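Trainee: Before the structure is discussed, I should like to understand how its labels are justified. May we proceed term by term?

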Amino acid sequence: MCDIIWCKKEINGKKCNTVNYLDPYCFWNWEGKVNCAECKTVYYIHMIQGFMYRGPEEVNEKPDTSPLYADKPLEGYRNYLPGIEGRTRPYQCLPRDIYLGVADMVKFSARGRPVRGWRPQPPSAGIAGSFGFEWDIQKLTPEVWEEYQQKLAKGEVSGW
Ligand SMILES: [Zn+2]
């Protein structure tokens, strides 16, 4: 859920009518000042658990941060996308670098049992490379079978 500040500041006899989106991740438990993306009026807010505890109250100070996004529903949803200097905050929700690599190949499940999808699979597996209900580890991947025997001997394999 995302709270908003619907700016009603009158400028040259016309209401600003900009909806500033307070994206929950940044404002959930937050006290400070945030600007309107359109008219740059600064509002003090205090949010507790996503609930607007105090504010928005207009203040004559510099903002601490900006909304992530803003639009004007009365003007065909003209909007300010993230990352506009002085108006909106840059979007920084990129995945951490550890999530940008390739998938890990897993030989054993959390219980220490061999998993079926270990590669490479032999040509006899056919086009889809799946042995269906017959996955003969010992024959298809002898090195995984060997590792499995060692795990069994060390007692690192638990029940299904
Ligand atoms: Zn405004």
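Mentor: Let us begin with a definition: a residue is called buried under 20% relative accessible area, exposed over 50%, and partly exposed in between. Please keep in mind that this is a predicted model.

Trainee: What makes arginine 78 partly exposed?

Mentor: Arginine 78 has a relative accessible area of 39%. Partly exposed is the term for values between the limits of 20% and 50%, and therefore arginine 78 is described in this way.

Trainee: How do you know that arginine 78 forms a salt bridge with glutamate 75?

Mentor: The closest N and O atoms of arginine 78 and glutamate 75 are 3.4 Å apart. A salt bridge requires such a nitrogen within 4 Å of a carboxyl oxygen, so the pair qualifies. Glutamate 75 also meets lysine 14 in a salt bridge, at 3.7 Å from N to O. Because glutamate 75 lies in the loop between β8 and β9 and lysine 14 in strand β3, this pair ties together parts that are 61 residues apart in sequence.

Trainee: Is lysine 14 buried or exposed, and what of glutamate 75?

Mentor: Lysine 14 has a relative accessible area of 56% and is exposed, whereas glutamate 75, at 35%, is partly exposed. Lys14, Glu75 and Arg78 belong to a network of salt bridges that also includes Glu38 and Lys72. The count for the structure comes to 10 salt bridges.

Trainee: Which side chain meets glutamate 156 in a salt bridge?

Mentor: The partner of glutamate 156 is lysine 151, at 3.5 Å from N to O. Glutamate 156 is found in the segment after α3 (142–154). Its relative accessibility of 41% makes glutamate 156 partly exposed, while lysine 151, at 19%, is buried. The limit for buried is under 20%, so lysine 151 meets it.

Trainee: Why is the site of the zinc ion called tetrahedral?

Mentor: The angles among its four donor atoms are 103 to 114°. Four donors count as tetrahedral if all angles lie between 85 and 135 degrees, and therefore the site of the zinc ion receives that name. For comparison, the ideal angle for four tetrahedral donors is 109.5 degrees.

Trainee: What makes the cysteine sulfur atoms donors of the zinc ion?

Mentor: The SG atoms of Cys7, Cys16, Cys36 and Cys39 lie 2.2 to 2.3 Å from the zinc ion. The cut-off for a donor here is 2.8 Å, so these atoms satisfy it. In sequence, the donor residues are spaced C-x8-C-x19-C-x2-C. Cysteine 16 is in the loop between β3 (14–15) and β4 (18–22), and cysteine 36 in the loop between β5 (30–35) and β6 (42–48), so the pair ties together parts that are 20 residues apart in sequence. Cysteine 16, at 6% relative accessible area, is buried, as is cysteine 36, at 0%.

Trainee: How many disulfides does the structure hold?

Mentor: The structure holds zero disulfides.

Trainee: What makes leucine 74 exposed?

Mentor: Its relative accessibility is 59%. Exposed means over 50%, so leucine 74 qualifies. Leucine 74 is placed in the loop between β8 (69–72) and β9 (78–80). Together with Ile4 and Trp6, Leu74 forms a nonpolar patch on the surface, with about 270 Å² of accessible area.

Definitions and conventions: Residues are numbered from 1 along each chain as its sequence is written. This is a predicted model: local features need pLDDT of at least 70, side-chain atom pairs count only at pLDDT 80 or more; totals for chains, interfaces and linings use all residues. Side-chain values use heavy atoms; hydrogens and water are left out. Donors are N, O and S atoms within 2.8 Å of the metal (3.2 Å for Na, K and Ca); water is not among the atoms, so sites may look incomplete. Four donors count as tetrahedral if all angles lie between 85 and 135 degrees; four count as square planar and six as octahedral if opposite donors are over 155 degrees apart and all others between 65 and 115; anything else is irregular. Helices (H or I, at least four residues) and strands (E, at least two) are DSSP runs, numbered from the N terminus. Buried means under 20% relative accessible area, exposed over 50%, partly exposed in between (1.4 Å probe, protein chains only). Patches are made of residues with over 30% relative accessible area and no salt bridge: like charges are joined within 9 Å, nonpolar side chains (Val, Leu, Ile, Met, Phe, Trp, Tyr) within 5 Å. Accessible areas come from the Shrake-Rupley method with a 1.4 Å probe; for residues, only the protein chains shown count as cover. A disulfide is a pair of cysteine sulfur atoms within 2.5 Å.
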